[in-house]
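Please read the following account with the sequence and the coordinates open beside it. It moves from one strand to its neighbours, and then on to a separate topic, a small sheet and its packing.

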Amino acid sequence: MILVVGDLVDDIGVRPLGAVNAASDTVSEIRMTAGGSAANVAAWLGHLGAPVRFVGRCGADAVARHVAALEAYGVDARVSGDPDLPTATIVLTLDAAADRTMYVDRAANATMTAEHVPADAWDGVTWLHLTGYSFFDDAVRPLALGLVAEARRRGAGVSIDPSSLGFVEAAGRDTVLSWLAGADLVFPNEDEQGFLRLEGDGVVVTRGAEGATFAGEAVAALEADVVDTVGAGDAFAAGFLSCWVGTRDAEASLRAGAESAAGCVSVRGARPVA
């Protein structure tokens, strides 16, 4: 069983349908889809048939909706509801002519503590996956560090995705490296790796259209009709872990990650399409 703990988000993607009219109106396609890096990884793991459990937090009014969305992929979803704060929201601009920009309101994600992780969430767990967002948040960091320590105590493997170059740079290299010290695998993208300069056999570097590298092995990105790149890194991590946890086969795991990433960028949103 793979345990994924962390962010659960409503993504609002904004795709301009013409030239952007600054300080005026721009006709756009706007859609809300379920997201959150940790929840996305869980969804892809479930979609790929891996036994996976997700623990997260959202607004009280959205618990049933998010549980149902994850259960549709076969995820054992343990989602608690915050009575005061809404579900975390990210507004993403999907303008092909510009770099993707994300406006983040962590909302209920920022209130997650150890009390929201039930004791039986660890039943049968052999691997723990976390994302950097749980470490960047001062209020949630104690939970993240405690989860890593508990996984080590239980003999479970640990993987962490640094998640955000901006947040990594703001925290500082030495600080982030201290957070990653307990991980067996780290999933930085190329920019994050350029800043962190991670060393060792457990570094899986994702390189977008250039593929990914790990333990002396490399995989090319698969050809895909790119619709939306949101969640591609999450899909890659899930594909990789779905193979690695059971086989420890670097080449096969990279290939599985590349296949999931290609599937992700081919559809709108960060989750699989059933």
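Which residue in β6 is the bridge partner of G13? In this predicted model, the partner of G13 in β6 is L92, and the bridge between them can be placed in the pairing of strand β2, residues 9–16, with β6, where the two strands run parallel and are joined by six bridges. L92 also has a bridge partner in β7, namely M102, and the pairing of β6 with strand β7, which covers residues 101–105, is antiparallel and extends over five bridges.

The side chains of β6, which spans residues 88–93, alternate along the strand. A88, I90 and L92 are directed to one face and are buried, whereas T89, V91 and T93 are directed to the other face and are not buried. L92, whose bridge partner in β7 is M102, therefore belongs to the buried set by the criterion of under 20% relative accessible area.

Turning to the other topic, an open sheet is formed by three strands in the order β11-β12-β13, with antiparallel pairing. Because β11 (205–206) and β13 (217–219) each have a single partner strand, they stand at the edges, and one side of each is left without a neighbour in the sheet. Strand β12, made of residues 212–214, pairs with β13 in the antiparallel sense over three bridges, and A212 has V219 as its bridge partner in β13. Helix α9, residues 250–265, packs on this sheet and touches both β12 and β13, with a direction that makes about 20 degrees with that of β13.

How values were computed: Residues numbered from 1 in each chain as written. Predicted model: local features only at pLDDT ≥ 70, side-chain atom pairs only at ≥ 80, totals over all residues. Heavy atoms only, no water. Pairing = 2+ DSSP bridges. Helix = DSSP H or I, 4+ residues; strand = E, 2+ residues; numbered from the N terminus. Contact = heavy atoms within 4.5 Å. Axes fitted to C-alpha atoms, helices over the stretch in contact; angles between N-to-C directions. Buried < 20%, exposed > 50% of the residue type's maximum accessible area, 1.4 Å probe, protein only.
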